[in-house]
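Got the viewer open and a selection box ready? Let's take a short walk through the model, one stop at a time.

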Amino acid sequence: MSSLPFTLSLISLPLFWLVLARFGNKTSFAKRNWLLSRLSIVGSLTLLALLLAIFWVQPPLTGELLFKLTPINTAVITVVVLIGGVIVRYSRNYMTGEACYPAFFRWMKLTLAAVVVTLMANHLAVFWLGWLCVSLSLHRLLVLYPDRPRAVLGAHKKFFVARLSETLMLAGFALLYWVFQTPYIDDLLVSLAQIDTLPQQQRQLVEAAAILLASAAILKCAQLPFHGWLINVVEAPTPVSALLHAGVINLGGYLLLAFAPLIALFPSAQWLILVCAGLSTIFAALIMSTRVSVKVRLAWSTSSQMGLMLIECALGLYALALVHLVAHALYKAFAFLNSGSAVSEQVASSIAGMELPRGKMLLASALVTALGAGAAIWLIDWQSPIAPWVLLTLSLVSLLAIGTVQPSRSALMSAITVTLGLAASYVIAKTLAGTYLVEELPAPVAGLSAMDLWISALFVLLFAVSWLLKLQAHRSWVQKLKQTLFAGLYLDEWFTRATLKLWPVYLRESTPTNAAKASVTTIGSR
């Protein structure tokens, strides 16, 4: 298969969304737009399946290709198209009657098309332009309601963070092109095998590029202290939040997967990710436990989960990172689109109350789970980092301890069954991803290395503090700690003040007599 037909066939995937975005300019488009939206979803999935079948029989050319399908980006593209279809279907009723209905569908489809282009890109310039277009089109979705000051403030904060991330990525790409003299990503990754033959100065430039790309991924994934925009934009419409948390923000993890051979060469880039993402994972998870609003809790959860995904990439656990990316996308899409029902469920749960396990039961659950995990590690002769096993063990300890609070035998058996089922699902999903999707990527870091022990210690700290907040909630110092966590450790205040100075947020209060005349109030002056 020649490179031109191959490129044209691949670009036809996002072309479905780009063409349909043009129809979003019409004002009377509701029924026609919905039919064409369904055509785009079915057409994208059908075309993707046909391309995979063709490439399975006759593999495409390698080398200088603008776009390329790999097992990893194929899995992510499939999830993006499926989630995009669900969000479009949900939005048909959710956005009906809104004045921004046409603009919403237009920018939604442009965002989805840009995401698909970025995922398929095999050229540094195409990858960067796709990344930029995703951010710019998403910004238009975040400001659909200019009368919501918190949403607009969050959009402005995201705008600054996104421009910084794109600048860092552009600088990293420029350094890679300068050293290897090729803009094609697959050729560039192959050239990394000869990095030891490069002069010292050029190796330092490649290391700087790895650090810049790692920093770009950290910013994209809303890691502390550049996380505030993700919390503010929950004021945006629910479909926009679902698209952001289920699809767009995962691009940071995909960036590390796409350039895994580069990041794995330099411990400095790995440590940057492990420190920033590790602390963000712990603090965001603890802060989430103090929040009441469902969408705000989900936003903090996303920051924590993105940090965990970056940790997995830095440790070289690429199969686990890919499983995490897909599972997180599906879960967050469901969680946001189901947030209305989640409110009722949370109210019912708070009324019923939840009995906490006693210390002895918690210790017994920890002993049983630790023995099971230790036996599994010994049986499979595990040589990779133990951090994921530590996290899995601690999670199952909490699940088993809470499930055994009820004294009935059926409750105990149910808790044990769920615990074993989740552990088995984790092993199966990771094995399948490692066998069929993740190919020719670097080996993970050594078990019990400094990186592994750092992350394992953070997981133990998270487990200890979270249970301390529950079991010792009556103590005054614990209540003060909760207040500090509820304030987000006061990490976002400086960025909010800087944003309001650089780009003030205005609230237009329209009068019933003349909507064109509006009084303007600056939030920053209040």
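On this tour, buried means under 20% relative accessible area, exposed means over 50%, and partly exposed is in between (1.4 Å probe, protein chains only). Helices are DSSP runs (H or I, at least four residues), numbered from the N terminus. You're looking at a predicted model, where local features need pLDDT of at least 70. Residues are numbered from 1 along each chain as its sequence is written.

Start by selecting residues 200–220, which is helix 8. Which residues are buried here? Among them are Val206, Ala209, Leu212, Ser215, Ile218 and Lys220. The end C-alpha atoms of helix 8 are 30 Å apart, which agrees with the 30 Å its 21 residues should span, taking 1.5 Å times one less than the number of residues. Just after helix 8, click Ala222: its phi is positive, about 55°.

Now add residues 149–180, helix 6. The axes of helix 6 and helix 8 come within 8 Å and cross at roughly 155°, with axes being lines fitted to C-alpha atoms over the stretch in contact and angles running from 0 to 180 degrees between N-to-C directions. That makes the two helices roughly antiparallel (over 145 degrees). By class, their contact has 19 nonpolar, four polar and one charged residues; Ala, Val, Leu, Ile, Met, Phe, Trp, Tyr, Cys and Pro count as nonpolar, Asp, Glu, Lys and Arg as charged, and the others, Gly among them, as polar.

Next, select helix 4, residues 101–120. How many of its 20 residues are buried? The count is 18, so helix 4 is mostly covered.

Methods
This is a predicted model: local features need pLDDT of at least 70, side-chain atom pairs count only at pLDDT 80 or more; totals for chains, interfaces and linings use all residues. Side-chain values use heavy atoms; hydrogens and water are left out. Angles under 35 degrees count as roughly parallel, over 145 as roughly antiparallel, 65 to 115 as roughly perpendicular and the rest as oblique.
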